Protein chains: 2
Amino acid sequence: MTTKKATIKDVAREAKVSIASVSRVLNGLGGVTTETQNAVRKAAAHLHYVPDSAARSLITGRTHTIGAVLPDLYGEFFSELIRGIDLAARAKGLHLLVSSSHDGVEDAAAAVRTMRGRVDGMIILSEFVDGPFLDGNLPSDLPAVLLDSPVDHARYPSINIDNIAGAQAMVKHLLDAGHESVAFITGPAGNYDSQEREKGYRAAMAKHAPKAKLNIIAGDFTEESGYRAGQEILAQAKRPRAVFAANDMTAVGCLMAFKEAGVKVPEDIALAGFDDILIARYVTPSLSTVGVSIADLGKSALLLLTELMEGKGHTGSNSRTLRCDVVVRESCGAHQTNVATKQPPALV
Amino acid sequence: MTTKKATIKDVAREAKVSIASVSRVLNGLGGVTTETQNAVRKAAAHLHYVPDSAARSLITGRTHTIGAVLPDLYGEFFSELIRGIDLAARAKGLHLLVSSSHDGVEDAAAAVRTMRGRVDGMIILSEFVDGPFLDGNLPSDLPAVLLDSPVDHARYPSINIDNIAGAQAMVKHLLDAGHESVAFITGPAGNYDSQEREKGYRAAMAKHAPKAKLNIIAGDFTEESGYRAGQEILAQAKRPRAVFAANDMTAVGCLMAFKEAGVKVPEDIALAGFDDILIARYVTPSLSTVGVSIADLGKSALLLLTELMEGKGHTGSNSRTLRCDVVVRESCGAHQTNVATKQPPALV
DNA sequence: CGGCGGAACGTAAACGTTTTCATCGAAACT
DNA sequence: AGTTTCGATGAAAACGTTTACGTTCCGCCG
């Protein structure tokens with residue numbers, strides 16, 4: 001990195017060709033002798049030439065950058081998501097412009113707007129986006145994919161976690177483990193994920209324990225709310241045999257309440273969460289939960305976005321849904337080589 | 001977002017002025033009548049005009065974007081760091097280009113190079129950077145600040161966590177709590193943070209327990225290595241009364257080994273980590289540790305970077321160091337309103 | 001041998017800004 | 001009243017590319 005930066009003109013002069021030829025060679029457009037190709041490459045290398053991305057963007061209209069607009073996520077979710085997006089983006093030769101920590105509509109709108117013209121596409125994860133928001137803040141020709149969003153917009157596909165199936169599977173698992181009554185602690189009232197998970201809970205109960213009564217306690221995804229919900233549950237006349245919290249932090253709070261009251265988990269009451277955050281493995285007892293590969297979510301989003309960017313418009317049905325898995329640990333009472341639930345031997 | 005995008009010419013035509021005046025108004029350069037100002041603003045608003053950032057970058061040479069190059073960090077550290085940087089950047093009207101998950105020199109070098117020309121400055125956190133790396137991959141006129149790096153480069157300042165002081169404080173705390181012998185579990189051999197923390201351990205021991213023998217076990221920052229180290233410690237002829245691990249994950253692994261062996265923490269042996277990751281609060285017993293405000297680290301880095309970008313070059317001494325604090329929880333045996341270690345009443 | 005097609009290459013326009021410089025008029029001075 | 005000064009404005013250059021279009025040259029076919 002010695003002197004001033006070399007331009008395409010310098011390369012052209014050094015290689016004794018026109019700038020058009022330099023451009024052709026460096027972009028691999030063909031129509032150039034191998035001879036001049038070599039001359040150009042040599043000159044470019046010699047001068048440490050790097051094309052000016054601003055000039056290029058100006059004329060091509062492409063930035064080779066995609067933008068990610070994210071809310072104030074908890075650590076792990078955030079890092080995994082970015083990791084997934086970034087890795088996939090790099091593989092496609094794209095840069096990643098990040099704007100995180102938005103906690104209001106106006107905040108998110110501002111972020112989206114300032115990215116205008118700086119990106120070729122966007123990945124948006126925000127509970128505030130809806131149809132009007134998108135129509136009002138996104139240039140109509142900018143490809144975008146929505147993450148974990150209920151909105152079904154004609155122009156923008158979305159990728160969702162299969163909350164319903166995941167919750168359903170966990171509730172079934174609890175039921176199968178012999179806990180005939182299971183309570184559910186919700187997330188914040190308007191939250192999409194929470195609503196979906198509740199649907200899963202209801203569906204599983206309806207299907208596998210039709211005569212059991214539903215037992216739904218309000219929470220808001222915080223540890224604090226889980227703690228209160230736990231106390232509430234202990235105060236109930238007829239305690240449930242198991243508790244399924246809408247996310248892991250809530251479950252952890254609930255666990256604290258149980259511990260404090262001397263109620264044993266899972267012996268007295270089983271417990272499960274959703275998300276499989278890192279902490280889940282380290283609380284005592286370790287927390288059974290529903291896991292999602294967040295990195296895959298990010299990767300899928302980017303891949304879908306690049307498809308959009310490469311012309312094929314949103315056909316209206318390219319939304320995808322990502323499956324999630326029950327991860328069994330100690331808190332649900334069905335852990336380890338449990339002889340009772342062991343599989344029958346294979347027939348061969 | 002109705003039609004095609006409006007350019008400065010369109011605004012000029014609509015406002016019946018020259019493009020120069022439009023530019024002047026929109027950039028607040030003065031030398032324009034309030035009358036024309038209004039006309040321009042009105043026209044711009046009417047056309048939904050947004051200046052083309054590529055064209056602007058092309059001529060001004062500034063991108064209003066800063067780049068962050070980061071390794072494969074664990075969740076919380078990563079998200080907090082980005083959050084700190086992003087928030088500070090937004091406050092300064094800067095965008096954030098992220099490239100994460102680098103696990104090799106070549107990887108990091110590539111990331112740095114592709115950002116060339118797209119950013120006005122860089123924040124780099126990588127164990128691979130050293131003098132030659134910087135000289136070879138960074139344009140000489142590009143401001144950059146290093147995070148948590150030992151390199152003392154004339155051109156690039158760095159911001160470091162005060163590992164030594166933090167470790168020293170924790171060891172002193174353990175000693176003060178009555179644990180006369182404390183062992184130390186290191187991080188990976190070449191790791192800078194680990195080395196600094198070890199220095200702190202040695203310094204504190206030398207100062208506050210000069211006759212005690214040093215007891216250093218090798219680890220590598222992983223939970224697994226902590227587990228092995230824990231077993232090793234239990235096998236020692238003369239067990240230490242306390243263990244200080246170079247990071248929290250190691251401490252957690254160590255804790256698992258102790259639990260498994262039926263050794264009680266902190267009664268039989270006290271334990272402390274470093275980093276204050278989220279998990280530290282949730283293990284049983286909760287882990288005493290040394291906390292750092294990572295978000296502040298990111299924020300400081302950005303602020304320092306903007307100073308560099310605003311002209312005042314690196315004076316050679318604008319490296320900063322961020323203090324960290326002992327956070328006392330259960331595992332060190334000095335928790336709660338411990339009368340023995342209460343402060344004497346103030347003299348007034 | 002003349003015309004023609006195509007490959008290689010160069011010229012110049014275009015992208016949308018910022019910024020220098022010249023112009024113009026009016027106000028302010030002598 | 002003539003001249004100067006100054007503030008507001010516009011014309012045009014410049015930034016570094018890509019790309020449409022022309023030009024040249026060569027080989028080929030009729």
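This talk goes through two protein chains, A and B, and two DNA strands, C and D, in a predicted model.

I will start with DNA strand C. There are 27 residues around DNA strand C, and the closest of them are A:S18, A:R24, B:I8, B:S23 and B:Y49. So which part of the strand comes within 4 Å of the protein? Of the atoms of DNA strand C that do come within 4 Å of the protein, sugar and phosphate account for 60%.

Some individual contacts to phosphate can be listed. For B:I8, a backbone N or O atom lies 2.6 Å from a phosphate oxygen of DNA strand C. For B:S23, a polar side-chain atom is 2.7 Å from a phosphate oxygen of that strand. For B:Y49, an N or O atom in the side chain is 2.8 Å from a phosphate oxygen of DNA strand C.

Which elements give two or more residues to the surface near DNA strand C? They are α2 (19-26) and α4 (53-60) of chain A, together with α2 (19-26) and α4 (53-60) of chain B. The largest share of this surface, five residues, is from α4(B). By class, the residues near DNA strand C are 15 nonpolar, nine polar and three charged.

Now to DNA strand D. Here 26 residues surround the strand, and A:I8, A:S23, A:Y49, B:S18 and B:R24 come nearest. Sugar and phosphate make up 59% of the atoms of DNA strand D that come within 4 Å of the protein.

Again, a few contacts to phosphate. A polar side-chain atom of A:Y49 is 2.9 Å from a phosphate oxygen of DNA strand D. For A:D52, a polar backbone atom is 3.2 Å from a phosphate oxygen of this strand. From chain B, a polar side-chain atom of B:S21 lies 3.1 Å from a phosphate oxygen of DNA strand D.

At least two residues of the surface near DNA strand D come from each of α2 and α4 of chain A and α2 and α4 of chain B. Here α4(A) gives the most, with five residues. The classes are 14 nonpolar, nine polar and three charged residues.

Next, the two chains against each other. How many residues of chain A are in contact with chain B? The number is 53, and they touch 53 residues of chain B. About 4200 Å² is buried between chain A and chain B, with carbon and sulfur atoms giving 53% of that area.

Between the chains there are two salt bridges. One of these joins the side chains of B:R83 and A:D72, at 2.2 Å from N to O. There are also 25 residue pairs in polar contact between chain A and chain B.

On the chain A side, the elements that each supply at least two residues are α4, α5 (75-91), β2 (95-102), α7 (131-137) and α11 (248-260). The largest share, nine residues, is supplied by α5(A). The side of chain A that touches chain B has 22 nonpolar, 19 polar and 12 charged residues.

The chains also share a strand pairing. β2(A) pairs with strand β2 (residues 95-102) of chain B in the antiparallel sense, over two bridges. In that pairing, A:L97 has B:L97 as its bridge partner.

Now a sheet inside chain B. Its four strands form an open sheet in the order β7-β6-β8-β9, with parallel pairing. Why does each edge strand have one side without a neighbour in the sheet? β7 (216-217) and β9 (270-272) of chain B each have a single partner strand, so one side of each is left without a neighbour. Elsewhere in the sheet, strand β6 (residues 182-185) and strand β8 (residues 242-245) of chain B run parallel and are joined by four bridges. Within that pair, B:V182 has its bridge partner, B:A242, in β8(B).

The last item is one residue of chain A. Where is A:F221? It is in the loop between β7 (216-217) and α10 (223-235) of chain A. A:F221 and A:A246 are 25 residues apart in sequence, and their C-alpha atoms are 7.0 Å apart in space. Leaving aside neighbours within four places in sequence, A:F221 is in contact with residues including A:T186, A:P188, A:R197, A:A246 and A:M249.

How values were computed: Residues numbered from 1 in each chain as written. Chains lettered and ligands numbered in written order. Predicted model: local features only at pLDDT ≥ 70, side-chain atom pairs only at ≥ 80, totals over all residues. Heavy atoms only, no water. Near = heavy atom within 4 Å. Polar contact = N/O pair within 3.5 Å; in protein donor to acceptor, adjacent residues only side chain to side chain. Nonpolar A, V, L, I, M, F, W, Y, C, P; charged D, E, K, R; others polar. Contact = heavy atoms within 4.5 Å. Buried area = accessible area lost by both parts, 1.4 Å probe. Salt bridge = Lys/Arg side-chain N within 4 Å of Asp/Glu carboxyl O. Pairing = 2+ DSSP bridges.
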